[in-house]
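Q: I have a protein to look at and not much practice at reading one. Can you take me through it in short steps?

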Amino acid sequence: MTVHTGRHDRVVDLTDRAAEFVAGRGDGLLSVFVPHATAGVAILELGSGSDEDLLAALATLLPADDRWRHAHGSRGHGRSHVMPAIVPPSVTVPVLDGRLALGTWQSVALVDLNVDNPDRTVRLSFLAG
């Protein structure tokens, strides 16, 4: 699927789309993967401020300034290439009876700090089991 993240640091909820993808598939594992060197996937609580807290923490750890050796694109672009070491490009979610086996407050989210690329690809795959 294609996800429009725009030109600002973003956390985008993928949970509903992931749930639709696994609906009716039985038990197994869902893989959520972003084929980008500058984006990641996280499981966290969304909508309660945690998404903003994550972006604030990443801004502290990976500031958008001129310290980065990887320096093409917008100011601080190199931080986007470091971020997947902190927020990995994939997660695996158990699926039970066609439903995501997430905890009560867990969501699946795309994390994107790359303001130079406003559109992202997310690949969902299901391994029946």
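What follows is a chat about the helices, strands, core and salt bridges of this protein.

Q: What kind of model is this?
A: This is a predicted model. Every value below is computed from it.

Q: OK. How many helices and strands does the protein have?
A: There are three helices and nine strands.

Q: In what order do the elements run from the N terminus?
A: The order is β-β-α-β-β-α-α-β-β-β-β-β.

Q: How does the radius of gyration fit with a compact globule?
A: A compact globule of 129 residues would have a radius of gyration near 14 Å, and the protein has 15 Å, so the two agree. As for the box that the C-alpha atoms fill, its sides are roughly 50 × 25 × 20 Å along the principal axes.

Q: And how many of the residues count as buried?
A: Of the 129 residues, 42% count as buried.

Q: What about contacts between residues far apart in sequence?
A: Take the contacts between residues at least 6 apart in sequence: 80% of these join residues at least 24 apart.

Q: Let's do the sheet. Which strands are in it, and in what order?
A: Four strands form an open sheet, in the order 6-5-3-9, with antiparallel pairing. Strand 6 (99–100) and strand 9 (123–128) are at the edges. Each of these has a single partner strand, so one side of each has no neighbour in the sheet.

Q: How many bridges hold strand 5 and strand 6 as a pair?
A: Two bridges, in the antiparallel sense. Strand 5 covers residues 90–96. Across the pair, valine 95 stands opposite leucine 100 in strand 6.

Q: What sits between those two strands in the chain?
A: A loop, and aspartate 97 lies in it. The phi of aspartate 97 is near 50°, which is a positive value in a residue other than glycine.

Q: Is aspartate 97 buried or exposed?
A: Aspartate 97 has 65% relative accessibility, so it counts as exposed. The cut-off for exposed is over 50%.

Q: Which strands does helix 1 lie across?
A: Helix 1 (residues 15–22) lies across strand 3 (28–33), strand 5, strand 6 and strand 9. The helix runs at about 40° to strand 9.

Q: New topic. How many residues are in the largest nonpolar core?
A: That core has 19 residues. Those with the most contacts inside it are Leu14, Leu30, Val32, Leu100, Val108, Leu110 and Val122.

Q: Which elements supply at least two residues each?
A: Helix 1, strand 3, strand 4 (39–44), strand 5, strand 7 (107–112) and strand 9 do. Strand 5 gives the most, with three residues.

Q: Any other core?
A: Another core, of 14 residues, lies apart from the largest one. Among its residues are Val11, Ala42, Leu44 and Leu46.

Q: Back to leucine 110. What does it touch?
A: Leaving out residues up to four places away in sequence, leucine 110 touches several residues, including Val3, Val11, Leu14, Ala39, Arg120 and Val122.

Q: And leucine 61: where is it found?
A: Leucine 61 is in helix 2 (residues 50–61). With a relative accessible area of 55%, leucine 61 is exposed. Its C-alpha atom is separated by 9.7 Å from that of isoleucine 86, which is 25 residues apart from it along the chain.

Q: Now salt bridges. How many are there?
A: The count comes to four salt bridges. One of them joins aspartate 9 and arginine 79, with the closest N and O atoms 2.9 Å apart.

Q: Where are those two residues in the chain?
A: Aspartate 9 is in the loop between strand 1 (2–4) and strand 2 (10–13), and arginine 79 is in helix 3 (residues 77–82). They are 70 residues apart, and the pair links distant parts of the chain. Aspartate 9 is partly exposed, at 25% relative accessibility, whereas arginine 79 is buried, at 6%.

Q: Which residue does arginine 67 bridge to?
A: Arginine 67 forms a salt bridge with aspartate 65, and the closest N and O atoms are 2.6 Å apart. Arginine 67 is exposed, with a relative accessible area of 54%. Aspartate 65 has 17%, so it is buried, the cut-off being under 20%.

Q: And aspartate 66?
A: The side chains of aspartate 66 and arginine 75 meet in a salt bridge, at 3.4 Å from N to O. Both of these residues, aspartate 66 and arginine 75, are exposed.

Methods: Residues are numbered from 1 along each chain as its sequence is written. Side-chain values use heavy atoms; hydrogens and water are left out. Two strands pair if DSSP finds at least two bridges between them. Contact means heavy atoms within 4.5 Å. Axes are lines fitted to C-alpha atoms, for helices over the stretch in contact, and angles run from 0 to 180 degrees between N-to-C directions. Buried means under 20% relative accessible area, exposed over 50%, partly exposed in between (1.4 Å probe, protein chains only). A nonpolar core is a set of buried Ala, Val, Leu, Ile, Met, Phe, Trp, Tyr and Cys residues joined through side-chain atoms within 4.5 Å. The radius of gyration is taken over C-alpha atoms; the globule rule is 2.2 Å times the number of residues to the power 0.38.
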